[in-house]
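I opened the model to look up the fold of one chain, its packing and its contact with the partner chain. My entries follow the display.

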Amino acid sequence: MAGVLGGLPDSVLQFAYLIASVLFIQGLRDMTHPRTATRGNGISALGMFIAVAVTVLWFEILSPLVLAAALLVGGGIGAWLAVTVETTEMPQLVGLFNGFGGGASALVAGAELVDLTATGSGLPVGVTATAAIAGIIGSVTFWGSLVAAGKLHGLVGDSPVSSNVGHVIKAVCLVAALAGGVALVVQPGFAGGDLVPSYWFLIVAASILGIFLVVPIGGADMPVVIALLNSYSGLAAATTGFVLNNTVLIVAGTLVGASGLILTVIMCESMNRSLTNVLFGGLGGDDEMADRPDIYEGNISETSPEEVEMLLDVADRVVIVPGYGMAVAQAQHAVAELAELLEADGVDVEFGIHPVAGRMPGHMNALLAEADVPYEKMRELEEVNPTFSQTDVVIVTGANDVVNPMANTDDSSPIAGMPVLEVGEARSVVVNKRSLSPGFSGIPNPLFAEDDTSMLFGDAKASMQELVNVYKENR
Amino acid sequence: MTFVQNLTLFVLAAFVGYEIITKIPTNLHTPLMSGANAISGITLLGSVVVAGSGSTALATALGFVAVVMATVNVVGGYLVSHFMLDQFSQRGK
């Protein structure tokens with residue numbers, strides 16, 4: 001017995017999958033411009049709907065109630081999370097969803113193996129090998145994403161740790177997972193048959209590996225981790241497609257794999273660090289910094305919102321550089337209001353956004369868009385750097401390492417060679433920060449001690465709001 | 001479908017993905033991630049088949065959990081991207 005559409009030739013199903021694949025590709029193409037991006041997302045969702053609907057109608061469904069219940073529960077949870085989430089919690093939510101996709105892939109591959117053994121169809125090498133890969137990638141994605149989301153949500157400590165014990169555990173788990181995979185391929189019925197124990201052994205090992213991979217990675221490196229796990233969840237889906245011989249799984253999974261990988265590479269290049277260094281390096285927290293002379297001593301000038309207002313009064317061009325501090329304080333609305341006020345008074349205002357500012361790729365852009373900042377105002381590093389010399393005032397809010405000139409001047413610093421926003425070129429710089437404490441890299445920032453720099457101490461939201469109020473009073 | 005045919009698809013899709021994704025501006029990287037995320041929920045197809053047709057209770061149970069997880073991924077991912085993209089496109093007016 002087959003499903004509702006089961007009487008039709010197989011090519012109909014394949015054709016529906018082709019349509020879905022084309023819709024996914026077109027959906028991503030529309031993402032290349034903000035104007036068409038919403039439509040693109042819709043097109044991609046339509047592709048997903050077609051693929052799922054045809055699949056449900058095509059295959060023999062022995063337990064339609066189980067399936068319907070699962071779809072309703074999953075859809076309900078997903079919609080509820082999406083509707084209730086705050087913009088500031090977006091990185092952890094994206095991480096969480098990611099993990100679910102990877103986890104599902106691992107489970108599907110496992111269920112398929114269990115099913116094949118139970119029905120006595122045997123396990124061909126092509127199936128077991130790809131199932132092993134899907135299981136490893138899927139489990140690493142699931143647990144890695146959970147830890148990443150936990151870190152972003154503040155449930156797991158987000159300081160970087162580098163320990164040799166950790167490296168050993170990772171190596172042992174990887175070897176164990178691979179051994180499980182080999183056992184699965186060589187001897188599918190290994191140790192007692194139906195339940196495919198070697199697969200579940202592999203899942204446990206890969207799960208521990210996923211946890212230990214992400215736990216030591218610091219909060220500011222999360223953009224790389226989230227992008228990489230995104231790539232993995234796609235690859236897990238693609239390999240599951242190999243297990244099930246499903247074309248649309250392969251195409252869609254590969255697209256996501258490519259997308260995540262490209263974002264990962266962009267993030268790494270923006271920090272001038274290799275992926276290996278991000279994953280295994282454990283940056284920051286070095287004691288050697290304590291030996292350096294205190295560069296801040298006597299060189300820090302503190303300012304007030306009133307003084308900043310006077311600077312802004314005579315400015316023709318202002319660039320605002322946001323960082324993770326803006327996201328933490330939820331200062332994006334105050335910042336956007338300030339930009340709007342300045343703009344209304346004829347000041348040229350732009351935002352200079354570093355690719356790794358925040359906790360996921362494009363984090364600052366998403367926050368500013370939420371606060372109604374036009375996307376034409378958000379400038380990338382290469383675009384905005386040449387304009388700083390013609391800029392009167394730069395306001396840095398909640399950012400540190402991404403404006404640290406030591407990246408260009410000190411070859412021994414941990415951020416050497418990292419492209420930074422050269423805000424020092426501007427006539428004056430106002431840095432809004434809670435204290436002089438170092439950023440993620442653990443090094444001091446000579447920018448703060450420069451003559452043209454003044455410090456506006458305080459929480460980003462409170463400071464920006466006060467600045468807005470003072471500016472309004474003096475218009 | 002043979003393994004090599006599957007591999008052909010994989011390689012071609014990787015090239016298409018590379019060409020398209022490199023053209024997406026930094027502005028849209030967050031919605032791209034959550035949108036791509038939703039697409040990776042395509043593994044739901046596999047889950048649906050396994051959950052609905054599992055010949056053993058274990059396979060059905062695994063399939064059930066997989067369907068729930070994949071659906072959360074798909075529905076949540078598309079909705080989150082939609083809300084975010086809405087905020088970007090409002091600026092045009």
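Entry 1, chain B. I counted four helices and zero strands in chain B (DSSP runs, helices being H or I of at least four residues and strands E of at least two, numbered from the N terminus). From the N terminus on, the order is α-α-α-α.

Entry 2, conventions. This is a predicted model, where local features need pLDDT of at least 70 and side-chain atom pairs pLDDT 80 or more, while totals for chains, interfaces and linings use all residues. Residues are numbered from 1 along each chain as its sequence is written, with chains lettered from A and ligands numbered from 1 in the order written.

Entry 3, dimensions. I looked up the radius of gyration of chain B: 17 Å, against near 12 Å for a compact globule of 93 residues (taken over C-alpha atoms; the globule rule is 2.2 Å times the number of residues to the power 0.38). The C-alpha trace of chain B spans about 55 × 30 × 15 Å along its principal axes.

Entry 4, contact between the chains. I found 97 residues from chain A and 78 residues from chain B in it (C-beta atoms, placed from the backbone, within 7 Å). On the side of chain A that touches chain B, α4(A) gives the largest share, 18 residues.

Entry 5, Val67(B). Leaving aside neighbours within four places in sequence, I list its contacts in chain A as Leu67(A), Ala70(A), Leu71(A) and Gly74(A). In chain B, Val67(B) is in contact with Leu44(B), Ser47(B), Val48(B) and Ala51(B).

Notes
Two residues are in contact if their C-beta atoms, placed from the backbone, lie within 7 Å.
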